[in-house]
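The following report walks through a molecular structure step by step, and it is best read with the sequence and the 3D view side by side.

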Amino acid sequence: MAPFRIRSARPEDCHDLLRLIKELAKYEDMEDQVVLTEKDLLEDGFGEHPFYHCLVAEVPEEQWTAEEHLIVGFAMYYFTYDPWIGKLLYLEDFFVMSEFRGLGIGSEILKNLSQVALKCRCSSMHFVVAEGNEPSIRFYKRRGASDLSTEEGWRLFKIDKEHLLKMAMEE
Amino acid sequence: MAPFRIRSARPEDCPDLLRLIKELAKYEDMEDQVVLTEKDLLEDGFGEHPFYHCLVAEVPEEQWTAEEHLIVGFAMYYFTYDPWIGKLLYLEDFFVMSEFRGLGIGSEILKNLSQVALKCRCSSMHFVVAEGNEPSIRFYKRRGASDLSTEEGWRLFKIDKEHLLKMAMEE
């Protein structure tokens with residue numbers, strides 16, 4: 001009998017989503033960088049035009065952690081577009097609480113994501129991994145992932161709001 | 001008087017979008033990798049749920065190229081989601097035909113994109129640039145872009161359909 005199950009997130013999960021987002025940020029020493037609120041998550045994910053989708057991993061009541069958490073893992077994804085091949089699934093965040101690792105939750109989430117990607121006729125799933133995160137890199141490479149940064153030399157850039165404002169107001 | 005104007009793409013622009021996508025791919029020596037069709041672009045961009053958005057640069061009739069092209073540049077973008085800060089604008093493709101460079105079309109497109117990003121309450125605009133593409137890197141850095149690959153060590157990965165199928169069907 002499976003000790004957990006994977007399902008799509010619902011509006012009432014936003015509280016747990018934020019908790020896990022912060023836990024993952026803490027794992028990367030960046031907890032104070034999370035400025036998103038439950039209200040943002042609700043509006044952005046469950047409004048007329050969702051900007052993201054989530055899968056969550058639930059465990060039955062008797063396996064709750066000390067604080068009685070029911071949701072112990074999540075994956076946040078959305079769809080992107082490659083002008084050469086079309087739709088892609090982009091895996092943005094992926095986290096399982098440390099007490100619940102080793103049970104196959106991560107693999108089952110990836111399996112679900114793969115099914116979503118194929119159902120939506122996506123050619124590929126993309127995601128970023130931090131250079132030093134060897135366990136994650138191995139986890140993904142075992143499943144056939146290839147490092148586009150190495151193979152194709154893509155570098156990820158950003159232009160933040162301060163500079164967007166500057167460009168937006170240029171004459 | 002402006003020799004060009006920037007506007008949102010319309011369904012009837014799909015042939016020109018595909019033409020410019022192929023021209024950019026040819027510029028990167030990858031033209032045979034473009035498997036997308038006009039039909040895909042139409043369904044994916046102008047259906048009930050658009051998977052991408054485009055801005056196009058038009059020039060007046062007397063400035064048409066030998067093949068009477070009206071659309072001489074484009075930018076393809078979509079919205080992504082950062083679980084710490086929320087909505088982002090992702091610039092996927094950005095190209096101006098070589099005969100029409102140096103007129104300020106690129107800057108004007110970026111200005112429009114910045115306005116879209118701010119209107120949609122995006123925190124930042126993200127995009128990738130190939131490591132060796134010095135002119136583009138300089139173009140973006142002049143406008144305040146920072147290289148997240150260098151600063152934060154993110155590496156872009158992919159898991160393609162062959163491996164997605166494998167994971168999707170695992171028992």
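## The cavity

The largest cavity in this predicted model has a volume of about 160 Å³. A search of the whole structure finds one cavity of 30 Å³ or more.

Fourteen residues line the largest cavity, and those that lie nearest its centre are A:His49, A:Pro50, A:Phe79, B:His49 and B:Phe79. Strand β3 (71–82) of chain A and strand β3 (71–82) of chain B each supply at least two residues of this lining.

## Chain A in outline

Chain A has a secondary structure of six helices and seven strands, and when these elements are read from the N terminus on, they follow the order β-α-α-β-β-β-α-β-α-β-α-β-α.

Of the 171 residues in chain A, 53% are buried. If one takes the contacts in chain A between residues at least 6 apart in sequence, 58% of them join residues at least 24 apart.

## Helix α3 in chain A

Helix α3 of chain A covers residues 105–119, and because a span of 21 Å is expected for its 15 residues at 1.5 Å a residue, the 21 Å between its end C-alpha atoms agrees with that expectation. Its buried residues include A:Ile105, A:Gly106, A:Ile109 and A:Leu110, and also A:Lys111, A:Asn112 and A:Leu113. Further along α3(A), A:Ser114, A:Val116 and A:Ala117 are buried as well. Just after this helix, A:Arg121 takes a positive phi of about 55 degrees.

## Helix α3 in chain B

In chain B, the 15 residues of helix α3 should span 21 Å at 1.5 Å a residue, and the end C-alpha atoms are indeed 21 Å apart, which agrees. The buried residues of α3(B) include B:Ile105, B:Gly106, B:Ile109, B:Leu110 and B:Lys111, while B:Asn112, B:Leu113, B:Ser114, B:Val116 and B:Ala117 are also among them. Just after α3(B) comes B:Arg121, with a positive phi of about 55 degrees.

One residue of this helix can be followed in detail, namely B:Ile109, whose place is in α3 (residues 105–119) of chain B. B:Ile109 has a relative accessibility of 0% and therefore counts as buried, the cut-off for buried being under 20%. Leaving aside its neighbours within four places in sequence, B:Ile109 is in contact with B:Ile6, B:Leu55, B:Ala57, B:Phe74, B:Ala75 and B:Phe94. By contrast, B:Asp82 is 27 residues from B:Ile109 along the chain, and the C-alpha atoms of these two residues are separated by 24 Å.

## One face of helix α4 in chain B

Helix α4 of chain B runs over residues 134–141, and in it B:Ile137, B:Phe139 and B:Tyr140 are buried. When one looks down the axis of α4(B), its buried residues fall within an arc of 160 degrees, so they line one face of the helix. As background, an α-helix has 3.6 residues a turn, so residues three or four places apart point the same way.

## Cysteines without disulfides

How many disulfides does a search of the whole structure find? The search finds zero over all chains. A:Cys54, for example, is in no disulfide, since the nearest cysteine sulfur, that of A:Cys14, is 8.2 Å away, whereas a disulfide needs two cysteine sulfur atoms within 2.5 Å. A:Cys54 counts as buried because its relative accessibility is 6%.

A:Cys122 is likewise in no disulfide, and the nearest cysteine sulfur, that of A:Cys120, is 5.4 Å away. With a relative accessibility of 0%, A:Cys122 also counts as buried.

Notes: Residues numbered from 1 in each chain as written. Chains lettered and ligands numbered in written order. Predicted model: local features only at pLDDT ≥ 70, side-chain atom pairs only at ≥ 80, totals over all residues. Heavy atoms only, no water. Buried < 20%, exposed > 50% of the residue type's maximum accessible area, 1.4 Å probe, protein only. Helix = DSSP H or I, 4+ residues; strand = E, 2+ residues; numbered from the N terminus. Arc of directions from axis to C-beta. Contact = heavy atoms within 4.5 Å. Expected span 1.5 Å × (residues − 1). 1 Å grid on protein atoms, 1.4 Å probe; cavity = no way out; pocket = protein on both sides within 12 Å on 5 of 7 lines; lining within 4 Å. Points joined across faces, edges and corners; volume = space filled by probe spheres on them.
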